[in-house]
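The following exercises concern the reading of a single protein chain. Each task is followed by a solution in steps.

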Amino acid sequence: PKFVYTIPEHQNPTGRVPIYAWTDLTYLLHKHHVSWRYFVVKGAQPDCDDGGMVCKPRKQNAGTPGIWNPLPWFDTVKADHELRNIVPMRQLFGLARQGRLPAVSWVVPSNRVSEHPPSLVTAGQSFVTSVVNAVMRSPDWASTAIFLTWDDWGGFYDHVVPPRVDANGYGIRVPGLVISPYARR
């Protein structure tokens, strides 16, 4: 498929396309012939561009670059013809059923299923459960490891204050889970 990317004015008031000319992880995967996909849930971005809590919803889909889909702006992604690896989320479910998941996958939620306020945590939990279940039912499950992370700390996730070791401490703790037939404990 051919993708045409336009950058909405509200995401880039200067009119300049961001320059991401450094080597990114997708370049290393491509260089070593490791398949990958970046699955984007259609809807609105989970965060405000300016870091605010509340803002006008910003469109998000596989063909819209933004803060949750920066890959179209990377020089290596364009030069290596890897834009085709940025796909709608619905493709993950089909590939999982067929046992054709790529070696590396990222799943990018929309605001509705991101667990970011004001969205419901339960909607995010249901979405994550649907993705994990689809992968676990896949013929690919025996060779899969799912790394589930959140980009937030405190609140629901951090139930104790991190130990104090110096002025900086250990920093914030960001939760993560490994779900895999390899993970026994």
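**Exercise 1: Two residues with positive phi**

His33 lies in the loop that connects α1 (25-31) to β1 (36-40). The model is a predicted one. Classify His33 as buried or exposed, and do likewise for Glu115.

*Solution.*
1. His33 has a phi near 60°, a positive value in a residue other than glycine.
2. The relative accessible area of His33 is 75%; exposed means over 50%, so His33 is exposed.
3. Glu115 is located in the loop between β5 (104-108) and α4. Its phi is positive, about 75°, although Glu115 is not a glycine.
4. The relative accessible area of Glu115 is 12%; buried means under 20%, so Glu115 is buried.

**Exercise 2: Packing of α3 and α4**

Determine how helix α3 (residues 90-98) is oriented relative to helix α4 (residues 121-136), and describe their contact by residue class.

*Solution.*
1. The helices pack at an angle of about 25°, and their axes are 8 Å apart.
2. Angles under 35 degrees count as roughly parallel, so α3 is roughly parallel to α4.
3. Helix α3 contributes Leu92, Phe93 and Ala96 to the contact, while α4 contributes Ser130, Val131 and Ala134.
4. By class, five residues of this contact are nonpolar, one is polar and none is charged.

**Exercise 3: The chain as a whole**

State how many helices and strands the protein chain has, and give their order.

*Solution.*
1. The chain has four helices and seven strands.
2. Along the sequence, their pattern is α-β-β-β-α-β-α-β-α-β-β.
3. Of the 185 residues, 35% count as buried.

Terms used
Residues are numbered from 1 along each chain as its sequence is written. This is a predicted model: local features need pLDDT of at least 70, side-chain atom pairs count only at pLDDT 80 or more; totals for chains, interfaces and linings use all residues. Side-chain values use heavy atoms; hydrogens and water are left out. Axes are lines fitted to C-alpha atoms, for helices over the stretch in contact, and angles run from 0 to 180 degrees between N-to-C directions. Helices (H or I, at least four residues) and strands (E, at least two) are DSSP runs, numbered from the N terminus. Angles under 35 degrees count as roughly parallel, over 145 as roughly antiparallel, 65 to 115 as roughly perpendicular and the rest as oblique. Contact means heavy atoms within 4.5 Å. Ala, Val, Leu, Ile, Met, Phe, Trp, Tyr, Cys and Pro count as nonpolar, Asp, Glu, Lys and Arg as charged, and the others, Gly among them, as polar. Buried means under 20% relative accessible area, exposed over 50%, partly exposed in between (1.4 Å probe, protein chains only).
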